[in-house]
Amino acid sequence: MKWELDKSRAICPQICEQLCVGIASGELESGAKLFSVREVAVSAGVNPNTVQKSFEQLEQKGIIYSIRGSGWYVGDDTSAAKEMVTKLISEKTLEYFTQMKALGLDETEIKQYVKEWQE
Amino acid sequence: MSELLRCENLTKNYGSTTALDEINLSVENGKIIGLLGPNGSGKTTLIKLLNGLLTPTSGEIFVNGKKPGVETKSVVAYLPDNSFLYNWMTVEQIVDMFCDFYADFRPDLAYKMLLQLGIDPTRKLKKLSKGNKEKVCLILVMSRNALLYVLDEPIAAVDPATRDYVISTIINNYNHDASVIISTHLIADIESILDEAIFINKGKIMLHKTVDEIRDENGCSVDQLFREVFRW
């Protein structure tokens, strides 16, 4: 898994978000074993305590679970992960609209632009 | 949780210059801590006090509950800011010397890291480049099973790729009983592995918080905050 972390925001919620995206997209399937805390720490270049905290937060939400002595696994119910991604999408959309407004477009113009936008 | 380092009204004067001014500080185990401050702010003085290389003018310092001395030196792995090894020795001889000196030294780990970084153990230290010497020093310190690792400017002379190696070495060797204190001004390179940051300036502690708190409260990275706080 590739990690993209923005150092100007707290790292812990970003790790939660990116794991949720992996789960919601199906890249990480229900019941699949997750990487260990240390593996994530090394691959993302972050503090192991931060990763541990992220895993614990996801566990509280029922998104992942741990088996003592074995490691972390993706839970059966992925709805909470999907919910988190939906929240993330609306945040990003709001961010986009705010930025476009700063560039001088009004809401109808932005929607028109998105509609016509092609790669 | 246990307290690995505690300073109580710690003061150090060099003649009429105050290097540390009534510092109060507590460091628990299981943390990676950045000691961050501009040149001449008192970072190295604090580190030398905790290693017993200097004695406080007033106030007290405790390492693992004891005053710095023989007992605390056996639990502290210290990387000084300048080379502490004999130039005429080979890397192998130095590894042997560390085995004799420290009961907690793991030569297998040292050789593994030397191999990974492509350093020939049969070479004399004086034949190595500045960056490679720095790597040898760091490898020796990180090969100990200490409680407190104190790294004074560990990445200043090494190339960016080796910096990443150093950082993953710190993460890999980290355990929940030990803590690591890293003094540096290369904040951007290490801030993502820190738990806590201590900002020190003119001998006083300006800030001691978790790095995620700093990011949440200021909406910027630790590096950006540092640049703002210490702007000329």
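**Reading charge, cover and patches in a predicted model**

Analyst: In this predicted model, the side chains of B:Asp195 and A:Asn49 are joined by a polar contact of 2.9 Å.

User: Where in chain B is B:Asp195 found?

Analyst: B:Asp195 is found in the loop between helix H7 (187-190) and strand E8 (196-201) of chain B.

User: Which side chain of opposite charge is nearest to B:Asp195, and how should I read that distance?

Analyst: A salt bridge requires a side-chain nitrogen of Lys or Arg within 4 Å of a carboxyl oxygen of Asp or Glu. The nearest side chain of opposite charge, B:Lys31, is 5.8 Å away, and B:Asp195, although buried, has no salt bridge.

User: Which residues gather in the patch of negative charge on the surface?

Analyst: Residues enter a patch when they have over 30% relative accessible area and no salt bridge. Here B:Glu92, B:Asp96, B:Asp100 and B:Asp120 gather in such a negative patch on the surface. One of them, B:Asp96, is found in helix H3 (residues 91-101) of chain B, and B:Asp96 counts as partly exposed because its relative accessibility is 45%.

User: Which residues make the nonpolar surface patch?

Analyst: For nonpolar side chains, the joining distance is within 5 Å. A:Tyr113, A:Val114 and A:Trp117 make a nonpolar surface patch of about 330 Å². Among them, A:Val114 is found in helix H5 (residues 107-116) of chain A and, with a relative accessible area of 44%, is partly exposed.

User: Is helix H1 of chain B mostly covered or mostly exposed?

Analyst: Buried means under 20% relative accessible area. Helix H1 (residues 43-50) of chain B is mostly covered, with six of its eight residues buried, including B:Leu46, B:Ile47 and B:Lys43. H1(B) is followed by B:Gly52, which has a positive phi near 75°.

Methods:
Residues numbered from 1 in each chain as written. Chains lettered and ligands numbered in written order. Predicted model: local features only at pLDDT ≥ 70, side-chain atom pairs only at ≥ 80, totals over all residues. Heavy atoms only, no water. Patch = residues over 30% accessible without salt bridge, like charges linked within 9 Å, V, L, I, M, F, W, Y side chains within 5 Å. Areas by Shrake-Rupley, 256 points an atom, 1.4 Å probe, with all protein chains shown as cover. Lys, Arg positive; Asp, Glu negative; His and termini not counted. Charge placed at Lys NZ, Arg CZ, Asp CG, Glu CD. Helix = DSSP H or I, 4+ residues; strand = E, 2+ residues; numbered from the N terminus. Buried < 20%, exposed > 50% of the residue type's maximum accessible area, 1.4 Å probe, protein only. Polar contact = N/O pair within 3.5 Å; in protein donor to acceptor, adjacent residues only side chain to side chain.
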